[in-house]
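Colleague: I've got a model open and a pile of labels I don't quite trust. Can you take me through what earns each one?

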Amino acid sequence: MARVASGDEAAFVVLAERHVGRAHAVAARMLSSREDAEEVVQDALGRVWRHAARFDAGRSAFGTWFYRIVANGCLDRLRRKGFSSKGGMTIDIDDAPEIADATATAEAGLVAAGRTQAVKAAVAALPERQRLAIVLCYFEEMPQADAARVMGMNLKAVEALLFRARRSLKTGLKAVLNDD
């Protein structure tokens with residue numbers, strides 16, 4: 001980061017290449033479109049370039065700082081688009097594995113597709129912070145302590161968000177998951 005702060009474009013490109021994939025995945029899962037995700041990530045990269053001198057390696061790792069910029073950008077974009085903290089949007093989880101395999105019957109495939117849609121809808125309906133905690137910890141497999149730093153919260157607060165999110169998902173998906 002010191003090289004980036006001094007204006008080294010090559011160092012910035014290397015840093016961006018290391019983190020842009022995961023940042024885009026987080027943003028795509030939080031937002032309603034890939035275009036919005038790309039804009040948020042590009043804006044975050046611009047902020048890193050412009051404010052590289054503000055980065056304090058003693059306070060956090062670069063990835064934590066960067067993903068916090070991305071997460072805040074996603075939350076800001078959701079608020080600007082008028083989505084309430086209670087959800088009300090659909091998310092695109094194209095990278096999620098399909099539930100049905102090629103040997104499944106057509107009926108089983110329809111049931112699996114319905115379940116996938118139900119999970120997507122249930123995650124999308126979560127309040128913003130709960131959705132972000134789920135995306136970071138479960139979809140991105142980020143340790144809870146890292147997610148807490150990205151979200152600017154303490155670990156207990158993230159654990160509470162995850163608890164409430166899992167409870168909401170369990171309640172919302174109970175009928176779908178019990179329908180075998």
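Modeller: Sure, let's start with a crossing: helix α4 passes α6 in a right-handed way. Keep in mind that this is a predicted model, where local features need pLDDT of at least 70 and side-chain atom pairs count only at pLDDT 80 or more, while totals for chains, interfaces and linings use all residues. Residues are numbered from 1 along each chain as its sequence is written, and side-chain values use heavy atoms, with hydrogens and water left out.

Colleague: What makes the crossing of α4 and α6 right-handed or left-handed?

Modeller: It's the turn of the near helix from the far one by less than a right angle: anticlockwise is left-handed, clockwise is right-handed. α4 and α6 cross in the right-handed way. The axes of α4 (residues 62-80) and α6 come within 11 Å and cross at roughly 145 degrees. Axes here are lines fitted to C-alpha atoms, for helices over the stretch in contact, with angles from 0 to 180 degrees between N-to-C directions.

Colleague: Which residues make that contact?

Modeller: A71, L75, L78 and R79 on α4, with E128, R129, R131 and L132 on α6. Contact means heavy atoms within 4.5 Å. They divide into 4 nonpolar, no polar and 4 charged. Nonpolar covers Ala, Val, Leu, Ile, Met, Phe, Trp, Tyr, Cys and Pro; charged covers Asp, Glu, Lys and Arg; the others, Gly among them, are polar.

Colleague: Why is α2 called oblique to α6?

Modeller: The axes of α2 (residues 9-30) and α6 (residues 128-139) come within 10 Å and cross at roughly 140 degrees. Under 35 degrees would be roughly parallel, over 145 roughly antiparallel, 65 to 115 roughly perpendicular, and the rest is oblique. That angle therefore makes α2 oblique to α6. This crossing is right-handed. V26, R29 and M30 of α2 meet E128, R131, L132, V135, L136 and F139 of α6, which gives 6 nonpolar, no polar and 3 charged residues.

Colleague: What makes α6 "largely enclosed"?

Modeller: Buried means under 20% relative accessible area, exposed over 50%, and partly exposed in between, with a 1.4 Å probe and protein chains only. In α6, 9 of the 12 residues are buried, so the rest of the structure largely encloses this helix. E128, Q130 and C137 are among them. I134 is buried too, because its relative accessible area is 4%. Beyond four places in sequence, I134 is in contact with L126, F139, L162, A165 and L169.

Colleague: And why does S60 count as buried?

Modeller: Its relative accessibility is 18%, so S60 makes the cut. S60 lies in the loop between α3 (34-50) and α4, and touches F55 and W65, leaving out residues up to four places away in sequence.

Colleague: How do you know how many helices and strands there are?

Modeller: They're DSSP runs, numbered from the N terminus: at least four residues of H or I for a helix, at least two of E for a strand. The protein comes to 8 helices and 0 strands.

Colleague: Where does pLDDT stay under 50?

Modeller: Over residues 84-104. pLDDT is the predictor's confidence in each residue, from 0 to 100. The protein's mean is 81, with 78% of residues at 70 or more.
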